[in-house]
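Okay, thanks for squeezing me in. Let me put the structure up on the screen, and then I'll walk you through the bits I looked at.

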Amino acid sequence: MDTSDPPGGELPAVEYLRRVLEAEGIETKTFATDPKRPNLVARLRGNGTKRPLLIMAHTDTVNVDPKKWKHPPFSATREGEHIYGRGTVDDKDNVAAGLMTMLLLKRTKVPLDRDVIFLAEAGEEGAVQFGIEFMVNQHFAEIDAEFCLAEGGRIVRTGGKVQYGSVQTTEKVPNRIRVIARGVAGHGSVPLRSNAIVHLARTIANIADWQTQMRLNETTRAFFERLATISEPEDAARYRAILRGDENGAAQEYFAEKKPALHSVLRTSISPNIITGGYRVNVIPSEVEATLDVRALPDEDMPRFFEQLRKVINDPAIELERAPGHTRPGAPPSSLHTEAFTLIEAAIKRHYGAITLPTMSTGATDMAFLRARGIQCFGIGPMIDSEDGPKGFGAHSDQERILVEAFTKFVRFNCNAFREFMRFSLVS
Ligand SMILES: [Zn+2]
């Protein structure tokens, strides 16, 4: 089903899910601001002893360039060990696993001490006003839960060997900042010290040289502690240096150079990504600007961060402004001391024989909306060969694929984990 977004016609996927769920006697509802872009909510009723569990997955996908695909991008063609298709790892794997979990919980008549809710949401790929934002603002009671499981994690395999499972427990908060430089306009034949381009260029260089303060939270601390136990000695030493609070040593420099994602999870990060200014070679422009992509730690004090940034810039010709744009709310990390995390961790051990690393995404996900409303959220995912993304087969790539084995295992993992969940919560 082509549900690429934009334009995002999720209706065929929702109709399919509704048909399958209702054929098994599971009640469903749909909610939409645009009839072509519905969200589906299915619910299995428990005895209400505990607050519900939410399984969330998105039915839209990013776009495709069919010329780049060996197999038609919405055919789900199986070749060799893989299934090829847009959405195979983002996020129709979670949709399929969520659906099967609902069907199996129903068929096996597992006694439920809480409701299990399945939300197949629209618009995750950049149109949250049709999906999670709309559901949280208008129909929160339909999806309100104690815990939520959604995309955002994976089982990492390298060289055919499972290394670890990652479970997303928190994420950074996106912010956009405009940097505006103002100077006197003039003739290009008479250079001016006040040239706005020169001031902006200096400012960008100063920002790039500023290493923002490092700060660990429960998630990133556990991440580095556990990663150290499964890493080569040299890497492990770097992770332990970070855990000791080493802010300016060789480890930081190494991450900045070789492992930029690890450097980013340690701090609020700044990347200058747009710069505009000047329009004629013989005119000194009076105003130029740049836009910074700032990814804040979940607990960042943004007004204070602005003050620090101003000090780093230290130039009266420069003005800072929050730029408008869709963002996601900040929220505290989901706790590792919850029955949900304990259960997921145990299930990863059982199914894959691997350690679980709690992770903080540097990018934003729809779980941010739910965490901001007090739901403990955990991002999970199938087994992925770490070599596959760089070869061009990852999420959002020109081609996308999943291992058949990873897919079936992920479905089984979900079904068993949720069944366990019921047992777990009954005895706890
Ligand atoms: Zn996704």
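So, a question to get going: how many bridges join β8 to strand β9, and do the two run parallel or antiparallel? There are 5 bridges, and β8 and β9, which covers residues 161–171, run antiparallel. Before I go further, keep in mind that this is a predicted model.

Let's stay with that hairpin for a second. If you want one register mark, take Ile155, whose bridge partner in β9 is Gly165. The turn of the hairpin has 2 residues between the strands, and Gly159 there takes a positive phi near 60°.

β8 also pairs with β18, residues 383–385. That pairing is parallel, with 3 bridges, and Val156 of the pair stands opposite Ile384 in β18. As a reminder for anyone reading side chains off the screen, in a regular strand they alternate between the two faces of the sheet.

Now zoom out. The protein chain comes to 14 helices and 19 strands. The C-alpha trace spans about 80 × 50 × 45 Å along its principal axes. What about the radius of gyration? The protein chain has 24 Å, and because a compact globule with 428 residues would have one near 22 Å, the two agree. Buried residues make up 52% of those 428 residues.

Next, another strand, β10, residues 173–182. Is β10 largely enclosed or not, and why? It is largely enclosed by the rest of the structure, because 7 of its 10 residues are buried. Look at its partners, too. β14, residues 287–296, is joined to β10 by 10 bridges and runs antiparallel to it; there, Asn175 has Val294 as its bridge partner. β15, residues 318–322, pairs with β10 in the antiparallel sense as well, over 5 bridges, with Ala181 matched to Ile318.

On to the metal, which I guess is what some of you came for. Which residues coordinate the zinc ion? The donors are His58 through NE2, Asp90 through OD, and Glu151 through OE, with Glu151 appearing twice in the list, at 1.8 to 2.6 Å. The geometry is irregular, with angles of 54 to 149° among the 4 donor atoms. Along the chain, the donors follow the spacing H-x31-D-x60-E. Two of those donors link distant parts of the chain: Asp90 sits in the loop between β5 and α2, Glu151 sits in the loop between β7 and β8, and they are 61 residues apart. So yes, that second loop leads into the same β8 we started with.

How exposed are these two? Asp90 counts as buried at 9% relative accessibility, and Glu151 counts as buried at 16%.

Now a residue for the polar-contact fans: Arg114, in the loop between α2 and β6. Arg114 has 0% relative accessibility, so it counts as buried. What does the side chain of Arg114 touch? One polar contact goes to the side chain of Glu146, at 2.9 Å, and another, of 3.2 Å, goes to the side chain of Glu339.

A little further along there's Ile117, in strand β6. Ile117 is buried too, with a relative accessible area of 0%. For a sense of scale, Ile117 and Pro6 are 111 residues apart in sequence, and their C-alpha atoms are 27 Å apart in space.

Last topic: cysteines. How many disulfides does a search of the whole structure find? The answer is 0. Why is Cys377 not bonded to Cys148? Their sulfurs are 4.4 Å apart, which is too far for a bond, and Cys148 has the closest cysteine sulfur to that of Cys377. The cut-off here is 2.5 Å between the sulfur atoms. Cys415 is in no disulfide either; its nearest cysteine sulfur, again that of Cys148, is 17 Å away. Both of the cysteines I just looked up from the Cys148 side are buried: Cys377 has a relative accessible area of 0%, and Cys415 has 6%.

That's my tour. Shout if you want me to go back to any of the views.

Notes: Residues are numbered from 1 along each chain as its sequence is written. This is a predicted model: local features need pLDDT of at least 70, side-chain atom pairs count only at pLDDT 80 or more; totals for chains, interfaces and linings use all residues. Side-chain values use heavy atoms; hydrogens and water are left out. Buried means under 20% relative accessible area, exposed over 50%, partly exposed in between (1.4 Å probe, protein chains only). Donors are N, O and S atoms within 2.8 Å of the metal (3.2 Å for Na, K and Ca); water is not among the atoms, so sites may look incomplete. Four donors count as tetrahedral if all angles lie between 85 and 135 degrees; four count as square planar and six as octahedral if opposite donors are over 155 degrees apart and all others between 65 and 115; anything else is irregular. Helices (H or I, at least four residues) and strands (E, at least two) are DSSP runs, numbered from the N terminus. A polar contact is a pair of N or O atoms within 3.5 Å; within protein, one must be able to donate a hydrogen and the other to accept it, and residues adjacent in sequence count only if both atoms are side-chain atoms. Two strands pair if DSSP finds at least two bridges between them. The radius of gyration is taken over C-alpha atoms; the globule rule is 2.2 Å times the number of residues to the power 0.38.
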